[in-house]
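Colleague: I would like to learn how to read a chain like this one, feature by feature. Could we start with the fold as a whole and then go to single residues?

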Amino acid sequence: MKKQWKRWLALGLTLTALGSISISAQDVEPTAYIVHADAYQLPYKGNEKAFNHHINPGYGSALVLKSIKANGTMEFYAITDRGPNGDIPTYVKNGKKMSGKFFPTPNFTPSIGIIKVDPAKHRADIISSIPLKVNGKPISGKPIPSGLTGSTNEVALDFNMKDLGTDRNGLDTEGISLDKDGNFWISDEYGPFIAKVDKKGNILEKYGPGMGLPKILADRVPNRGSEGVTVDEKGHVFALIQSPLDVDGKTAKTAKYTRIVELDPVTKETTMYAYPVDTGYKNTGAAKIGDITSIGNGQFLMIEQGKQHGEMQNLIYKVDLNGATPIPDNGDLEYGRLDGKIVPAKKELVLDLRAQGWNIEKAEGLALLPDRKTIAVVNDNDFGMDIDVKDPAVADPEVSDYTYDSDKKAMIYDKDNKVHDVKISLKKNAPAEQESQIWFFTLPKAL
C-alpha cells in the first residue's frame, strides 16, 4: 500500500482511495486510475538500469468502450502506437538530410489491448492484447519504404546508428473504434490509413490517399496523420487529421482548418469537412487533435490540445457536422480560398481537462459511457521512455545538438562542427508521463 501511495504522489495526484483519485470542481467529478500492465512489459535488450531489460507498454493512443457489467466493471479496447521510439540527431545519408526515429524495440507489433476497470477494487489492468497482422503475419511499426503510399521517408535506427529497415505493412496506429459486427476500425499517422480489422487482429481492408481516401490527405505533416477514428450509428467511419495539411509544403503553419473525413464502407464514398482549430496557438501547426468519438446524430466529441497563449491545453469539444459544407479534394481549404464560402464544423467546449487536475501532456483516447454524462480519457505515456545523450565534452547535451553523417560514420556536435564521442540510450520520461492512466469525468448533465 505504501508503495502504491508513493506512486500516486509521484504522479502529482491527490489520493482518496488506493489506485484512484477524486477531485470536485465546477460540478465535474473526475476519477483516475493507473493502468497496470505487468504481464505485457516489452522485452528490451538494452542494459540501462532504469529499465531492467523491459519497457513499459503504452495502450493509450485511442479508446473505445467494450462492455459494462452488472457489477460496474468496465472493459475498454485501447490501442498502442507504432511502439517505443525517440528523436534522432540530424541524419545525413548520401549528403542529404533525412528525418527518422530511434526504435529500441524494432520488432514491436502495434496491438489492441483490453483495459479492465474495476471501481470496487479501485483497479485498472490490461488483461489481454491483440497484435495486428497481415495474412497472419504480425506487422511492425517501422516506417514504410520510400515511394510507397504512406511513406514518411524516415529512417529507423538503433542506438549504434544502424539502419533497421522498413516495413511495407508498417502502421503508426492512433485511432480505434468498433462497428456493429464487432470489427475494429483503426487509423494511423503514416498514410494516413484507415483499416478494418477482425476480432483476431487481422487487417481485412485498408484505405489510404488515392486508395479509397481523398488524395489530398497525403499532404499530412509526417507523424500528424489520422489521430482518431470513430463509427457512427449508420456505420459510417469518421477519421480526423491531427493537424492542418501541408499542401505544397506551404500551409502547415497557416491553414485555419484541419480535416474530418467520412467513409461509407458500403458504397466506398468519402466526404470531407473543415474543423476550425483554436486561434490561441503560436501558429496553427501547433494544434493537435487527440481523438474523436461519435455521440450520434452527426455530433462527436473531440480532443484538441497544444500550447495556447503559452500554456498547455487539453480540451474536449462537442463537434457538430450538421450543415457543414463538404470540402473538395484539393488545397483550396488550406490556402484560404474557401474562407467565407463554406460552413465549417461547429464546436462547443465541453471540458477543460487541466481545470480538472489533468497534468499529462498527451490526452489521446476518448470514449463516452452510455449514461452520456461520463467521459473516459487515456493518455499516451510514450512507453515511459525518452532519449538520453551523454557527451563528456558537453554539459547537458540534447539529441538535437548533433548531426550524424552515416557516410563517414561520424557524430558531429553542431556548435563546434567537430566529431564527438557520444553515447545515446534510454532514460525515463517525466514522472507524470510514465504510467498509462485512465480518467473518468462525470458531467453534471447528459450530453
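**Fold, cores and charges**

Modeller: Start with how far apart in sequence the contacting residues are. In the protein chain, among contacts between residues at least 6 apart in sequence, 62% join residues at least 24 apart. Keep in mind that this is a predicted model.

Colleague: What does the secondary structure of the protein chain come to?

Modeller: One helix and 36 strands. A record adds a label here: UniProt, in an unreviewed entry, places "domain: Phytase-like" at residues 72-383. That span is 0% helix and 45% strand, and its end C-alpha atoms lie 29 Å apart.

Colleague: How do I judge the overall dimensions?

Modeller: Compare the radius of gyration with the value for a compact globule. For 447 residues that value would be near 22 Å, and the protein chain has 21 Å, which agrees. The C-alpha trace spans about 60 × 60 × 50 Å along its principal axes. Buried residues make up 57% of the chain.

Colleague: Which residues touch the most other members of the largest nonpolar core?

Modeller: The general idea comes before the case. In soluble globular proteins, nonpolar side chains tend to be buried together. Here the largest such core has 25 residues, and F102, I387 and L426 touch the most other members. The elements giving two or more residues to this core are β15 (154-157), β31 (385-390), β32 (402-405), β33 (410-413) and β35 (423-428). The most come from β31, which gives three residues.

Colleague: With which residues is I387 in contact, leaving aside its neighbours within four places in sequence?

Modeller: I387 is in contact with G86, D87, F102, F159, I424, S425, L426 and K427. Apart from this core lies another, of 22 residues, among them W185, Y257, L333 and L338.

Colleague: Now the charges. How many salt bridges does the count come to?

Modeller: The count comes to 16. For each pair, read the distance and then the exposure of both partners. E75 and K66 form one salt bridge, with their closest N and O atoms 3.1 Å apart. E75 is buried, at 8% relative accessible area, whereas K66 is partly exposed at 34%.

Colleague: And a pair from separate elements?

Modeller: Take K268 and E205, whose side chains meet in a salt bridge at 3.6 Å, N to O. K268 lies in the loop between β23 (257-263) and β24 (270-276), and E205 in strand β19 (residues 203-209), so the pair ties together parts 63 residues apart in sequence. K268 is partly exposed at 40% relative accessibility; E205 is also partly exposed, at 26%.

Colleague: Is K196 buried or exposed, and how far away is the nearest side chain of opposite charge?

Modeller: K196 is buried, and the nearest side chain of opposite charge, that of E205, is 4.1 Å away. The cut-off for a salt bridge is 4 Å, and K196 has none. K196 sits in strand β18 (residues 194-197). Leaving aside neighbours within four places in sequence, its contacts are D179, N183, F184, W185, N202, I203, L204 and E205.

Colleague: Which other salt bridges should I look at?

Modeller: R337 and D332 form one, with their closest N and O atoms 2.9 Å apart. R337 is partly exposed at 47% relative accessibility, and D332 is partly exposed at 21%. Salt bridges can also share partners, and in this way R82, E154 and D172 are joined into one network.

Methods: Residues numbered from 1 in each chain as written. Predicted model: local features only at pLDDT ≥ 70, side-chain atom pairs only at ≥ 80, totals over all residues. Heavy atoms only, no water. Core = buried A, V, L, I, M, F, W, Y, C linked by side-chain atoms within 4.5 Å. Buried < 20%, exposed > 50% of the residue type's maximum accessible area, 1.4 Å probe, protein only. Helix = DSSP H or I, 4+ residues; strand = E, 2+ residues; numbered from the N terminus. Contact = heavy atoms within 4.5 Å. Lys, Arg positive; Asp, Glu negative; His and termini not counted. UniProt positions renumbered as here; feature names shortened; annotations may be inferred. Rg over C-alpha atoms; globule rule 2.2 N^0.38 Å.
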